[in-house]
Amino acid sequence: VQALRIAARAGNMAEQKVTKEELKLIYPQNYSKLVDTYSKKYDISSSVIYALIRSESFFDKEVVSSAGAIGLTQLMNPTAEEIAQKLRVKEYSLTDAETNIKFGTYYLSELIRRGDGSLLRAFFSYNAGFRKVTTWLNSSMMDFGRTGNLDMDLFLETIPVSETREYGRKLVSATIMYEYLYENADFAQSVENLLK
């Protein structure tokens, strides 16, 4: 974890161009078997799950935030209890890498489903809660005189909580970086896909 933090700082401070191989050290694919298994099971790009884990915990499976979020995907205990009930898991530990990745991937997939397929809306909801994000979205649509859809990139700029705005930006940029490094994806196409 500390090596990853040092590499990330070094990459940000580099005076010369950082190579693709060096970027892979900053954006690793730790827990690849688990990420591949559960991203396929819950139909989410593995790039998204790597971005989530990197952004939430820097791949530290035992980290606990000041708010009480636990493990790789930083789940709160009440959320984990709901997920465990839905997945019919009786005993679990959120510091167990497999459990945490499974629960976090499932939860994000549910947020995508509930948010009409919008990954960016799911990112916001992962951070701030689905109901709160829905309230913000409805308020933004009213402000812009929209009755149906609001472009997610426009919604991003109207979110009233800076932490959630920055969280969304961080996950979008990390997902794009993973797509670029490991899927050879086009930057412009990746951005367009994420902002739907």
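**Thr164**

I looked up Thr164 in this predicted model and asked whether the residue is buried or exposed. Its relative accessibility is 1%, so I entered Thr164 as buried. Thr164 belongs to helix α10, which covers residues 162–183. I then listed what Thr164 touches, leaving out residues up to four places away in sequence: Phe124, Asn127, Ala128, Trp136 and Ile159.

**Phe124 and Phe155**

Phe124, one of the residues touched by Thr164, was my next stop. Phe124 has 0% relative accessibility and therefore counts as buried. For Phe155 I found a relative accessible area of 0%, so Phe155 is buried.

I turned to ring pairs and searched the whole structure, which gave 8 aromatic pairs. I took the pair of Tyr50 and Tyr178 from that search: the centres are 5.4 Å apart, the planes make 20°, and the pair is stacked. Tyr50 sits in helix α4 and Tyr178 in helix α10, 128 residues apart, and I noted that this pair links distant parts of the chain. Tyr50 and Tyr178 are both buried.

How are the rings of Phe124 and Phe155 arranged? I read 5.6 Å between the centres and 80° between the planes; planes over 60 degrees apart count as edge-to-face, so I filed Phe124 and Phe155 under that heading. This pair, too, links distant parts of the chain, with Phe124 in helix α7 (residues 119–128) and Phe155 in helix α9 (residues 152–158), 31 residues apart.

I also listed the contacts of Phe155, again not counting residues up to four places away in sequence: Phe124, Val133, Trp136, Leu137, Ser140 and Leu150. Trp136 is on the list for Phe155 and on the list for Thr164. As a distance entry, I recorded 34 Å between the C-alpha atoms of Phe155 and Thr95, which are 60 residues apart along the chain.

**Tyrosine cluster**

I asked which residues the ring pairs link into a cluster. The members are Tyr27, Tyr50, Tyr178 and Tyr182.

**Helices α3 and α4**

Tyr50 led me to helix α4. I looked up how helix α3 (residues 32–41) and helix α4 (residues 46–57) cross: their axes come within 9 Å, at an angle of roughly 125°. I therefore entered α3 and α4 as oblique to each other. The handedness of the α3 and α4 crossing is right-handed.

Which residues make the contact? From α3 I have Ser32, Val35, Asp36 and Ser39, and from α4 I have Ser46, Ile49, Tyr50 and Ile53. By class, I put 4 of these contact residues down as nonpolar, 3 as polar and 1 as charged. Tyr50 thus appears in this helix contact and in the tyrosine cluster.

**Positive phi**

Most residues other than glycine have a negative phi. I noted two residues that depart from this.

Asp43 has a positive phi of about 55° and is not a glycine. I located Asp43 in the loop between α3 and α4. With a relative accessible area of 71%, Asp43 is exposed.

Phe58 is not a glycine either, and its phi is positive, at about 55°. I placed Phe58 in the loop between α4 and α5 (77–87). Is Phe58 buried or exposed? The relative accessible area of Phe58 is 14%, and buried means under 20%, so I entered Phe58 as buried.

Technical notes. Residues numbered from 1 in each chain as written. Predicted model: local features only at pLDDT ≥ 70, side-chain atom pairs only at ≥ 80, totals over all residues. Heavy atoms only, no water. Axes fitted to C-alpha atoms, helices over the stretch in contact; angles between N-to-C directions. Helix = DSSP H or I, 4+ residues; strand = E, 2+ residues; numbered from the N terminus. Parallel < 35°, antiparallel > 145°, perpendicular 65-115°, else oblique. Left-handed = near helix turned anticlockwise from the far one by under 90°. Contact = heavy atoms within 4.5 Å. Nonpolar A, V, L, I, M, F, W, Y, C, P; charged D, E, K, R; others polar. Buried < 20%, exposed > 50% of the residue type's maximum accessible area, 1.4 Å probe, protein only. Phe/Tyr/Trp six-rings, centres within 6.5 Å; stacked < 30°, edge-to-face > 60°.
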